[in-house]
Amino acid sequence: MTREHWGSKLGFVLAAAGSAIGLGNIWKFPYVAGANGGAAFVLVYVLCVIVLGVPIMIAELVIGRHTESDPVGAFKLMFGRSGWVVIGYLGVVCGFLILSFYSVVGGWTIGYIVKSVSGGMSSLTNVETAKNAFAQFIHNPYEMIAYHFLFMAACAFIVIRGVKNGIEWWSKVLMPLLFILLLVLIVKGVSMKGGMAGVSFFLNPDFSKLTVDAVLSALGQSFFSLSLGMGAMITYGSYLSRKERILQSAMYIVLLDTLVAILAGLAIFPAVFAMEMAPDKGPGLVFHVIPAVFANMPYGQVFAVVFFGLLFIAALTSGISLLEVVVAWAGDERGWSRTKAVLILGGAIFAMGVPSALSFNVLEGNTVFFGKTFFDFIDALTSNYMLPIGGFFIAVALGWKYGLDKTIHELDPDTRIISLKELWAFTIKFVSPLLVALVFIVNFLGR
Ligand code: TRP
């Protein structure tokens, strides 16, 4: 069987940007930035994106197209049966784990679309009532599991259709829609009374707020937001045809992702400050503030549907990329059909997510996992540890063990700026691994 390929370059870039742009940008980035002091965190984040995100994005795409394989197969092809294959397995497991809790939050977006459409949101006129409504929502174990199931079902529906007719087709429709919706929201947020204070919090750095923890979070967030460190981009790169340029595509993907994170901050923080809410209130941030903003607006219901629709779309195009990694592994390494892989592994991911869905109700306050709930534990384990460690080993595997001489031809052959290639080679060999290691060492010493 010949390997399926993306239908067009635009299709690939939008699918990869769709993987990168997700809850990580619109839901997580604002609350992590808010909890870590705002603009100073944003600056460190952008630095991580430039010096680590770009080179590792290129590295994953190079590995993917070079081997035309899922992450496990890629490392097998490059290194034979050796310990390096563990990195591939770690990636697949990590995709499994991330999607298990990601889908729970994806489910919240569906729940909030339902609430907005049914008019249940118009009474949430201040942050206090919106907060209580959210607490009530996540306290209901049945609703949490049902929405988590719906989200997984939506991912499964698209991934079963395959790369070109499923992932690519849907990304091409959904991503442009997402941009339009986001722009509408920014115009709204910035024009609100008191909104400019939010812009300043988000863009005016106060370095006294920057802690070691914040730097580690910025690192983890940059990997999470760009879908790096676990082979999602290896998998997407494996469907990339030889004629596409990797350097250029990687730049587009990273630019789009960072743009949406910044735009999301610009849409959320003005509203947070206009509602006189503290910006460091954690995962509930957008679910508290956005309904309250809309309830006070003419046509607020419509905007609410738009916003949560946007969040759902962003989550969906990311969720399918996580599922695709696991499904590609089962297909390439185990010979499973796409449908079988999606149904069995999607079902397993759903089951794995149940304790996360229950972390806010039945299992609330049950912090047996290093002082965290199951949900927070899986989130921290994957974003702050597994992804950066995965990224470190991807850089070392390609830069030192496999050798860049065997793969550098994957980079834009007709580029005239030869030095870009060399810059990448230097960064992936020296800068990226050292920097990840440094952040970890400082973090351990700092404890
Ligand atoms: N990047 C997505 C977001 O920002 C989440 C995601 C999708 C992801 N695929 C991934 C994160 C692979 C890490 C690895 O929401």
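Mentor: A polar contact is a pair of N or O atoms within 3.5 Å. Please keep in mind that the model before us is predicted.

Trainee: Which backbone atom has a nitrogen atom of the ligand 2.8 Å away?

Mentor: A polar backbone atom of F224 lies at that distance from a ligand nitrogen. A polar backbone atom of S225 is 3.1 Å from a nitrogen atom of the ligand. The side chain of S227 also takes part, with an N or O atom 3.0 Å from a ligand nitrogen.

Trainee: How much of the area that the ligand exposes when taken alone does the protein bury?

Mentor: The protein buries 100% of the 360 Å² that the ligand exposes when taken alone. The ligand sits in the largest cavity.

Trainee: How many residues surround the ligand, and which are the closest?

Mentor: There are 17 residues around the ligand, and the closest are A20, G24, Y102, F224 and S227. At least two residues of this shell come from each of helix 1 (9-20), helix 2 (23-35), helix 5 (85-117), helix 10 (212-225) and helix 14 (300-334).

Trainee: Of which classes is the shell around the ligand made?

Mentor: The shell has 9 nonpolar and 8 polar residues, and no charged residues.

Trainee: How should aromatic rings be read, and how many aromatic pairs are there?

Mentor: Rings pair if their centres lie within 6.5 Å, and planes under 30 degrees apart count as stacked, over 60 as edge-to-face and the rest as tilted. By this rule there are 41 aromatic pairs. The rings of F29 and Y45 have centres 4.8 Å apart and planes at 50°, so this pair is tilted. F29 belongs to helix 2 and Y45 to helix 3 (residues 39-67), so the pair, 16 residues apart, links distant parts of the chain.

How values were computed:
Residues are numbered from 1 along each chain as its sequence is written. This is a predicted model: local features need pLDDT of at least 70, side-chain atom pairs count only at pLDDT 80 or more; totals for chains, interfaces and linings use all residues. Side-chain values use heavy atoms; hydrogens and water are left out. A residue is near a molecule or strand if one of its heavy atoms lies within 4 Å of it. A polar contact is a pair of N or O atoms within 3.5 Å; within protein, one must be able to donate a hydrogen and the other to accept it, and residues adjacent in sequence count only if both atoms are side-chain atoms. Accessible areas come from the Shrake-Rupley method with a 1.4 Å probe; for residues, only the protein chains shown count as cover. On a 1 Å grid over the protein atoms alone, a cavity is a set of points where a 1.4 Å probe fits but cannot get out, and a pocket is an open set with protein on both sides within 12 Å along at least five of seven lines; lining residues have an atom within 4 Å of a point. A molecule sits in a cavity or pocket if more than half of its atoms lie within 2 Å of its grid points. Helices (H or I, at least four residues) and strands (E, at least two) are DSSP runs, numbered from the N terminus. Ala, Val, Leu, Ile, Met, Phe, Trp, Tyr, Cys and Pro count as nonpolar, Asp, Glu, Lys and Arg as charged, and the others, Gly among them, as polar. Rings of Phe, Tyr and Trp (its six-membered ring) pair if their centres lie within 6.5 Å; planes under 30 degrees apart count as stacked, over 60 as edge-to-face and the rest as tilted.
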